[in-house]
2 protein chains.
Amino acid sequence: MRIGIDIGGTKIIGGIVERKGKVEITHRLPTGGKEGYRRVRERAIELINTILRESGVSRNEIKRIGIAAAGQIDKNSGTIIFSPNLGWHNAPLKKDMEKIFDAEVVIENDVNAATFGEWKFGLKERSRNVIGVFVGTGIGGGIIIDGRIYRGFSNVGGEIGHMIVNPHGYRCNCGNSGCFEAYCGGSYIVDRVRKSIYEGYRGKIWDLVEGNVDKLHTGHIEEAYLLGDTLCKSIWGETIEYMGAGLASLVNLFNPEIIVMGGGVINGSKQLIEDACAVMKKRAMKASLKDVRVERARYGDNAAIMGVAFIDV
Amino acid sequence: MRIGIDIGGTKIIGGIVERKGKVEITHRLPTGGKEGYRRVRERAIELINTILRESGVSRNEIKRIGIAAAGQIDKNSGTIIFSPNLGWHNAPLKKDMEKIFDAEVVIENDVNAATFGEWKFGLKERSRNVIGVFVGTGIGGGIIIDGRIYRGFSNVGGEIGHMIVNPHGYRCNCGNSGCFEAYCGGSYIVDRVRKSIYEGYRGKIWDLVEGNVDKLHTGHIEEAYLLGDTLCKSIWGETIEYMGAGLASLVNLFNPEIIVMGGGVINGSKQLIEDACAVMKKRAMKASLKDVRVERARYGDNAAIMGVAFIDV
């Protein structure tokens, strides 16, 4: 029996993952990341115990506890080297969990886990070369080559969000400028629109959010773009152009069979995938382009849980 | 006994490749690409026969004939699908050579072959994750993951020169705009400097080439940059900035252990690698950066011959 947990910036979610990927007895708790590593770890243990209690499964029936979290992870020791979302440095999560549970504990980067989940339970029969692009506040990426997650030399590869798409472009939270994420990550896009509104811009976007700038999200921005709002035509138009260029770069570099796209910005958009693909088709090289399909992720929040429960160690 | 051949835009070179990578009895002929596929193929056969004659090796002692060429290659059939340099479409080189020689014939993209050659005979003991960046008239790339060339789904991956580094940037020969190659490929850089000279620019660069714009190459441009020539400070400065940003993208995406750089622009430069690395270090993510080394290729023109003689089929 396998349990998958996803420790996110705002919530911890988990459940039992069946052999065919079905997630059962799902639970969630607020992360409370500000309380520090120890309290969050205790909350994850609490979540697992709740799942066990409800399922009637005993501890020694657990084959694996897989834990997905944002950040750089040392695969061998299962230590979270650095997680900006959670504020953790060198958190020995695998070691700590193994003291509590007599099961294999696997710690994995959340985007790698989600890409693997989407692949194993949705795309595997059709392809062994898949790239996951998850567009939320930032952009995370997962690369599957020949059925395995590509990690790179020191396990920190696959940072698709930090391809440089314009060296003189927007500042990125990583400290660099012009990263893919700085152009197409949700929080960056929303910040640009908010800034213009604070500076006095009033247009269709203002009406859409009824003057409540705090509730603004990328769904509104796309809607205003489609309605012809001047500001959003410029900002969302740029998002589409850079998203398409980023996809074209991935196609030229990796020659993948499938690019699977998920995350809040994609889920909240009507036609971002379609619009970005139109740009990608104009930009990518013909020989790579003819075999690639861009698809929407299908498992949402469950993908990481499903993936980490089954990912290769 | 293995023979390696490299069919380039201007010359065909070839030789016998010993087990440890030493290339012996090297010969070269002009490609004469304009005369078409059949004549070039005959010239390659002539070259092989010359090598055999001089070495005293008989035809049935040849274990492999490896042929490297620029372009997209169908690995299974050994057909060159498209080679812009040679002007070939669907050239059945493997099939044609197997009619003449009773040996295994392997056709490989020249940059993949060169990357593999540099790796197998120079870097293998130290790393199994290597990226080759060859900067000549354009930019070619080779990606070695776990000791094998990464090809992608339809064998056309690894197009490092066609990462988009600025969607609104310079036109690229591939039809796209803003490719890495359009910023850092030798012919593009030279064209930009030439254009300004034709438009009347006179500065240190003009003195360096003694007014003979035809002989201008990137070595002159770097030299003028280092001497403070205004035009070259701008154009070569941009080359350094984009080269550094391109390397940073590769580091963030692939987390490689070694990046090996070669090609005419690198060979003809004094400190492009060092200058670009300084930019890369400012831009790439710390976790990936700490393990990467950027090295100069050591085998020059022989790398592709060495690689194609031994590359995995």
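Which residues are buried in α1(A)? In this predicted model, the buried residues of that helix are A:Val40, A:Ala44, A:Leu47, A:Ile48 and A:Ile51. Seen around the axis of α1(A), they cover an arc of only 95°, which puts them on the same side of the helix. A general property of helices helps in reading such a pattern: an α-helix has 3.6 residues a turn, so residues three or four places apart point the same way. On the other side of α1(A), by contrast, A:Arg38 and A:Arg53 are exposed.

It is worth checking the helix itself before following its surroundings. Helix α1 of chain A takes in residues 37–55, which is 19 residues, and at 1.5 Å a residue these should span 27 Å; the C-alpha atoms at its ends are 27 Å apart, so the expectation and the model agree. Just after α1(A) comes A:Gly56, which takes a positive phi of about 75°. As for what lies over the buried residues of this helix, the cover includes four strands of chain A, namely β1 (2–7), β2 (11–17), β3 (23–30) and β4 (64–69).

One residue of α1(A) can be followed in detail. A:Leu47, whose place is in helix α1 of chain A, has 20 C-beta neighbours inside 10 Å, and a residue is called buried if there are 20 or more, so A:Leu47 counts as buried. Leaving aside its neighbours within four places in sequence, A:Leu47 is in contact with A:Ile5, A:Ile12, A:Gly14, A:His27 and A:Leu29. Of these partners, A:Ile5 stands 42 residues away from A:Leu47 along the chain, and yet the C-alpha atoms of A:Leu47 and A:Ile5 are separated by 8.7 Å.

From this helix we can step back to chain A as a whole. Its domain assignment gives domain 1, made of 2–115 + 302–310, and domain 2, made of 125–296. The C-alpha centres of domain 1 of chain A and domain 2 of chain A lie 27 Å apart, and the contact between them takes nine residues from domain 1 of chain A and 13 residues from domain 2 of chain A. On the side of domain 1 of chain A that touches domain 2 of chain A, β5 (72–74) and α3 (110–123) each supply at least two residues, and the largest share, four residues, comes from α3(A). By class, the residues on that side of domain 1 of chain A are four nonpolar, three polar and two charged.

A loop of chain A also deserves a look. A:Asn155 lies in the loop between β11 (148–149) and α4 (180–184) of chain A, and its phi is near 65°, a positive value in a residue other than glycine. With 19 C-beta neighbours inside 10 Å, A:Asn155 counts as partly exposed.

In chain B, a similar kind of reading can begin with helix α7 (residues 218–227), where B:Thr218, B:Ile221, B:Glu222, B:Ala224 and B:Tyr225 are buried. Seen down the axis of α7(B), these buried residues fall within an arc of 165°, so they line one face of the helix. What covers them includes α5 (186–198), α6 (204–208), α8, α9 (264–267) and α10 (272–283) of chain B. Just after α7(B), B:Gly228 takes a positive phi of about 90°. Further along, in the loop between α8 and β12 (258–262) of chain B, is B:Asn255, a residue other than glycine whose phi, near 45°, is positive. B:Asn255 is buried, with 25 other C-beta atoms within 10 Å.

Finally, how do the two chains meet? At their contact, 36 residues of chain B touch 37 residues of chain A. On the side of chain B that touches chain A, α8 (230–254) and α11 (286–289) of chain B each supply at least two residues, and α8(B) gives the most, with eight residues. By class, this side of chain B has 18 nonpolar, 13 polar and five charged residues. Chain B can be laid on chain A with an RMSD of 0.0 Å by a turn of 180° and a shift of 0.0 Å along the axis, which is the relation of a two-fold axis. The same surface serves both copies, since 100% of the contact residues of chain B recur in chain A.

Definitions and conventions. Residues numbered from 1 in each chain as written. Chains lettered and ligands numbered in written order. Predicted model: local features only at pLDDT ≥ 70, side-chain atom pairs only at ≥ 80, totals over all residues. Contact = placed C-beta atoms within 7 Å. Nonpolar A, V, L, I, M, F, W, Y, C, P; charged D, E, K, R; others polar. Expected span 1.5 Å × (residues − 1). Buried ≥ 20, exposed ≤ 12 C-beta atoms within 10 Å, placed from the backbone. Arc of directions from axis to C-beta. Least-squares fit on C-alpha atoms with pLDDT ≥ 70 in both. Domains from an automatic or database assignment.
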